[in-house]
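Visitor: I have a structure open and a few quick questions. Can we start with how two of the helices pack?
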Amino acid sequence: MGTPVVTPVTTDVERSAIRKIAIRLVPFVALMFFVNFLDRTAVSFAEPNGMGEDLGLSAAQFGLASGVFFIGYILLEVPSNMALHRFGARRWLARIMVTWGIVSLLFTWVNSTEQLYALRFLLGVAEAGFFPGAILFLSQWVPARHRTRILALFYLAQPLTTVIGAPLAGLLINQHGSFLGLDGWRFMFLGVSVPAILLGVIAWFYLIDRPADAKWLTGEEKSWLTGALARENTEKTAGHGGREGLRAAFASGRVWVLALIYFGFIYGLYALAFFLPTIISGFEDQYGTHFSVMDKGLITAIPYLPAAIVLFFWSRHATRHGVRAWHVAGPAVVGGVSIPLALSMGSPTATVAVITVTACSIFAALPAFWSLPSRFLTGGAAAAGIALINTAGNVAGFAASYITGWLRDLSGSYYLPFFLVGGFMVLSAVLMVLLATRRGPTAPAPEQELITAGH
């Protein structure tokens, strides 16, 4: 049995403050995340719709082009998040969005594999720190007991990116030759890049770094938020800043275990994100079907709408009952078992149905997972720790992209690479259970963490 969760009484001031944050900040940051994920995965829609043929890409080359993005991201992620902690989220997130929008715009005129590699690398450099910075920013606005719900609302943007973005990409690709004579896939890059630049400019004026500076909060709401957050920070075990915070994060066994758990989830996420459109295009040869560009976009979106719904209700349960090991480990097992089975189905409908189960599993666990690091890290250590964990995810993004494409070329199918995806996700489940049950330097202490192994 786990430690029972005692639910504190929620006051009117607390409810009002959290509701205002959920309305004023979360949708805008989620919109930034929506555009961010759409820009980094746009190549997955471009490759089977003209880019792969025009640039002469093999599956391994496409995997490398998809994955090299994460190398640039990895190199600058921790420094970028430390800079955000120093200069403030408003300035730094706005800077990130404008620079990645400019780089993304240049994909419109890419003409060779080498140029594609270079721009994907630069896109990662430009985007470095956005996701962990957004997580850190929201964590600095809400106390731990509300964090899972707030992060779930933010994380809804990721599956919805594909629900909305895949048909949108199909619509843009269909505008072949309608603007400056651009190929459809080139026009798509143009269409998804401009919003990033515009949002970056707006973010500079719209975001606020601290609750104390929010004019839309009452004096009572500001006092409650700053007091609750300050009390939490004094109770955390790694409240360091600057270089001490960096050392504290890198010396934490919990941070490294969480990084490995996250690796497994993100390996599965990006194996699907980058190769699902190509797999759907392959249905034509495999099953003798025919889909238009718009049809392919709509089919690609199918797994992600149920994933968004499951994410919302799973996170709601975790918020109400406290984050438990099975909130993360359970979905990891389901996803790990389902994804190798997807390609063994006998029809496009059955294949997409099983992939839907995998997508639901991955997205259900992520908001609960991201509520954990900020419960025992604060200040510079939180910035460094969250960035370090997300760096492991970016390593997984590179590995999933390149290894999946390489194994596809080597074996002639996606069976082998998807079995590897399943193995990594099951490993994440095992590590989550071990982290929750072990009482030692790498395990969360009951008084510091809400995560337990029991029910």
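Guide: Take H8 and H17 in this predicted model. Thr148, Leu151, Ala152 and Tyr155 of H8 are in contact with Phe363, Leu366, Pro367, Ala368 and Trp370 of H17.

Visitor: What classes of residue are in the contact of H8 with H17?
Guide: Eight residues there are nonpolar and one is polar, with no charged residues.

Visitor: At what angle do the axes of H8 and H17 cross?
Guide: Roughly 135°, and the axes come within 8 Å. Helix H8 covers residues 144-155, and helix H17 covers residues 348-370.

Visitor: So what do you call that arrangement of H8 and H17?
Guide: Oblique: angles over 145 degrees would count as roughly antiparallel and 65 to 115 as roughly perpendicular, so H8 and H17 fall outside both classes.

Visitor: Is the crossing of H8 and H17 left-handed or right-handed?
Guide: Right-handed.

Visitor: Different topic. How many cavities of 30 Å³ or more are there?
Guide: Five. The largest cavity has a volume of about 110 Å³.

Visitor: Which residues are closest to the centre of the largest cavity?
Guide: Arg40, Phe131, Tyr262, Tyr270 and Asn390, out of 14 lining residues.

Visitor: And which elements give two or more residues to that lining?
Guide: Helix H2 (26-46), helix H13 (253-287) and helix H18 (379-411).

Visitor: Which one gives the most to the lining?
Guide: H13, with four residues.

Visitor: How do the lining residues of the largest cavity divide into nonpolar, polar and charged?
Guide: Nine are nonpolar, four are polar and one is charged.

Methods
Residues numbered from 1 in each chain as written. Predicted model: local features only at pLDDT ≥ 70, side-chain atom pairs only at ≥ 80, totals over all residues. Heavy atoms only, no water. Axes fitted to C-alpha atoms, helices over the stretch in contact; angles between N-to-C directions. Parallel < 35°, antiparallel > 145°, perpendicular 65-115°, else oblique. Left-handed = near helix turned anticlockwise from the far one by under 90°. Contact = heavy atoms within 4.5 Å. Nonpolar A, V, L, I, M, F, W, Y, C, P; charged D, E, K, R; others polar. 1 Å grid on protein atoms, 1.4 Å probe; cavity = no way out; pocket = protein on both sides within 12 Å on 5 of 7 lines; lining within 4 Å. Points joined across faces, edges and corners; volume = space filled by probe spheres on them.
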